[in-house]
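Colleague: I am new to this structure and would like a close look at a single part, the open sheet of four strands in chain A. Could you then place that part in its surroundings for me?

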Amino acid sequence: MSSHQIQSFADALKQSADHFHGLQQSGRKMIGYFCTYTPIEIIHAAGFIPVRLRGGPGTVEKAYSHVPDFICPYLKRCMENATDGRYDFLSGLVQGYTCDAACGVVNIFGDVVDLELIHAVPLPYADGEAARRYFHGVITTLADKLNAMDGRFSNEALQRSIALYEKIYGIIDQLYQQRLDGDLSIDAGDLQTIMDAGDVLTPEDYLRMLETLKKPPSEHGPQAIDGCPVIISGSLIESSVIFNLIASAGGRVVADDLCTGWRRAYPDYGHSEDPVDRLFYRHCTRRPCPSRSLAVDRSRVLTDLAARSGAKGVVFMVQKFCTPHLADYPILSDELKAHGLPSLLLEIDETWQTGEQLNNRLESFFDMIAASTAEKLS
Amino acid sequence: MNANAKTKTRKRLQSSKELGRVITEYYMKCTSAKSEGIPVGWMPPMNGVIELFYAMDLQPVFPENWSPVCAAFGLTPQNFTVSENMGYSRDLCGYLRNIIGYVHGMIDDKNSPFGGLPEPDLLLTPWGGCVPVMKIFHALERRFPEAKIFRGDLPQVPIEEINDDHIAYVISEMHRLVEFLSHATGRRLDLDRLRETVALSDQACALWDEIMTYRTCIPAPFSAAEMGIMFVMVTLQGTQTAVDYLTMVRDEVRQRAADGAGVIENETFRLFWDNIPLWYNMGLFNYFEAAGGVMVAETYSAAWSIRMDPSDPFRALALKTLYSYPMVSCVSISKRKEMVIKACRDYHIDGVILHRNKSCAPITLGQMAIKRQLEDELGIPSVIIDADHMDARNFSMAQFQTRADAFMEMLAAKKQHRAS
Ligand code: SF4
Ligand code: SF4
């Protein structure tokens, strides 16, 4: 994979504001969302462009007229962006129900952005027949709302949208699998850049760019193998800064459990003829997020990832005040410890200022892992 | 006075004193259930499961309700220490930190208030509701591995959008629960018994509504300081005990209203409290009385203002479940706004206290929108009080006094201006 290729994803991110306004001017409608549980295939099938809202680094001032300071920096930044008019290109906001904070913000988003549609999708937590039937109702309601704003949802369109996302997730998943096998030529920061670009491109353009990545040969060969191999887990990391920090402190990310990372790139829609059933299948089987699952289930995912990637520890990089992640941490760290995997919890705020202290804690963590590995070997 | 000193609540209702007996009896029943062979199930509040439990002679226990008890008895710091030592962040909801600390700490101490909580035979883990409640139950599942677990789904849907699909789904979850309970406890559900239980629950709701109506009287016959009466709505809905107790409260409140007996001599300002009370300092409700303010109404009470049709008990319980919890969560801000505006009109409110609750993002989110609507639609001023419903470390009495005093002065100036 060439640095030129990565640069095209980075450029897409840089030019996103112009890109969105260009799309808006050409008559395309964009629907924002926060969490990857949002059934974006439905939005796309109705003829709209799903856009994952990015918070970005910065300060929070105006947003405090709408939200308390004790919600996660990501949402605070999104509200700040909204008050600054940075989401004026949006026609709607649709959010698959995840955490209280995200859905609370959905409730008040209309106070700052003028939108045709604001809707939180009450997704089922259970699986089984009753949940499947209920899911169909939930999707019909969403599709009706989208059609009421000139959408053109149909089952055939949904089949096509699913096929498109299946390809996107398939390619991304492949990259993550390669990384697990130590066979990826780019570092975690670059991989994140590729992922992030998916937030700001139409899925069609994104797929085209991803397809260029499939072409061998790799320029640099497999990933360098120095650094302490770790998994990074958390909700959102919207910048490669964090990955660079880990690298400079002596770590090497070999797998992730991030909402902006591998967790969203789940390619399996099952084989049903009915496209809504296919969505339901993916919804039920996808990699778990703490706002909709048990910590013990996530610990299984993490230990499995560690076994496959050779990770020696887990760095939890959590947005400050993020209830789902903070509430899971004690159980997760306990379970991981029982499997011989040490963990470290770090919290990030809206400035993304990583600072000396964070660096020191990471260095000590990697040193501790190196010392215990050496002890085991001796 | 010490800046963070706890102030004692001043209660005026005789029936509030009687509440102590009801609470003691409820917790005695919880602790004796084990020895009587009655299965104990821990569950979240504000849903239709409680009536199913009473109809099947099972004992419901509410860990969320135990937290205010811990706060009232000054046990929260101890419980917080335990959970924080386990790695639970101070930024998490205080109910979560308290109950997890309790089950990993003093649960075995039989000297705890009311003999403490009996360990659960059954755990009813909610999917839906707020994330902290869900996470409390995940932690309980791990702490009590012997307990039988039911995980029930609940659509997180705003009240104004509830449709037949949501109702049908909750009814199917209720049937699944009955099957689970029958299997786990060997007890069968008698439908007539369920109808009776739902009828009792409905009576309790009707009494609740009637009691709240008397608070529209000027002067108000009782204030938020007496909100402990809500205990029966949380823990005993569907029982004769709740109906009897609420009848007693209703009679007393009705009489006081007829006599024009107010909370204080000169009720000058009628106030509304948004968000959960400070369970470790309920005396705050009385604080405003020195300046002529009475806390006439609060967000919480509306959650019980529903009616239930006993002829279709499963549907009634499904509706109760779907309607109750969004009233105090972030599921529907437009409904919450509507509810606060209506309460302010009905109760002739002069000013609103918005408790910005560090321990509860779901209820706090949207408060600024409520604040604006109050001003725009009714011209009612409000003040934000930064605190925490469980953790006294996030509350400063001095800061509270400064804000509350300034607010009351502002209300007085406004009144004077109007009069002149
Ligand atoms: S899961 Fe956490 S980081 Fe994500 S939106 Fe919710 S609170 Fe914020
Ligand atoms: S609604 Fe608020 S107070 Fe209640 S458990 Fe959830 S976060 Fe805590």
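Modeller: Happy to help; here is a walk through that sheet, followed by the chains around it.

A word on conventions comes first. This is a predicted model, in which local features need pLDDT of at least 70 and side-chain atom pairs count only at pLDDT 80 or more, while totals for chains, interfaces and linings use all residues. Residues are numbered from 1 along each chain as its sequence is written, chains are lettered from A and ligands numbered from 1 in the order in which they are written, and side-chain values use heavy atoms, with hydrogens and water left out.

Now to the sheet itself. In chain A, four strands form an open sheet in the order 6-5-7-8, and their pairing is parallel. Strand 6 (251–257) and strand 8 (343–348) of chain A each have a single partner strand, so these edge strands have one side without a neighbour in the sheet. From one strand to the next, the twist averages 30 degrees. Helices and strands here are DSSP runs numbered from the N terminus, with H or I over at least four residues for a helix and E over at least two for a strand. Two strands pair if DSSP finds at least two bridges between them.

Take one pairing in detail. Strand 5 (residues 228–234) of chain A runs parallel to strand 6 of chain A, and six bridges join them. Within this pairing, A:Ile231 has A:Ala255 of strand 6 of chain A opposite it. A helix also packs on the sheet: helix 12 (residues 295–309) of chain A touches strand 5, strand 6 and strand 7 (313–319) of chain A, and its direction makes about 135 degrees with that of strand 6 of chain A. Contact means heavy atoms within 4.5 Å. Axes are lines fitted to C-alpha atoms, for helices over the stretch in contact, and angles run from 0 to 180 degrees between N-to-C directions.

Elsewhere in chain A, two helices pack on each other. Two packed helices are described by the angle between their axes and the distance between the axes. For helix 7 (residues 155–180) and helix 11 (residues 275–285) of chain A, the angle is about 35 degrees and the axes are 9 Å apart. Helix 7 of chain A brings residues including A:Leu158, A:Ile162 and A:Tyr169 to the contact, and helix 11 of chain A brings A:Val276 and A:Leu279 among them. The residues of this contact divide into six nonpolar, two polar and three charged. In this grouping Ala, Val, Leu, Ile, Met, Phe, Trp, Tyr, Cys and Pro are nonpolar, Asp, Glu, Lys and Arg are charged, and the others, Gly among them, are polar.

The loop between helix 6 (129–147) and helix 7 of chain A holds A:Asp150. Although A:Asp150 is not a glycine, its phi is positive, about 70 degrees. A:Asp150 is exposed, with a relative accessible area of 59%. Buried means under 20% relative accessible area, exposed over 50%, and partly exposed in between (1.4 Å probe, protein chains only).

How does chain A look as a whole? It has 14 helices and eight strands. Its radius of gyration is 20 Å, which agrees with the value near 21 Å for a compact globule of 378 residues. That radius is taken over C-alpha atoms, and the globule rule is 2.2 Å times the number of residues to the power 0.38. Of the 378 residues of chain A, 62% count as buried.

Chain B has 16 helices and eight strands. Of its 420 residues, 62% count as buried. Strand 7 (residues 351–357) of chain B is mostly covered, with six of its seven residues buried. Four bridges pair strand 7 of chain B with strand 5 of chain B in the parallel sense, and B:Leu271 stands opposite B:Gly351. Strand 7 of chain B also pairs in the parallel sense with strand 8 (residues 382–387) of chain B, over six bridges; there B:His355 stands opposite B:Ile385.

Finally, B:Asn275 lies in the loop between strand 5 (269–274) and helix 11 (284–287) of chain B. Its phi is near 90 degrees, a positive value in a residue other than glycine, and B:Asn275 is buried, with a relative accessible area of 2%.
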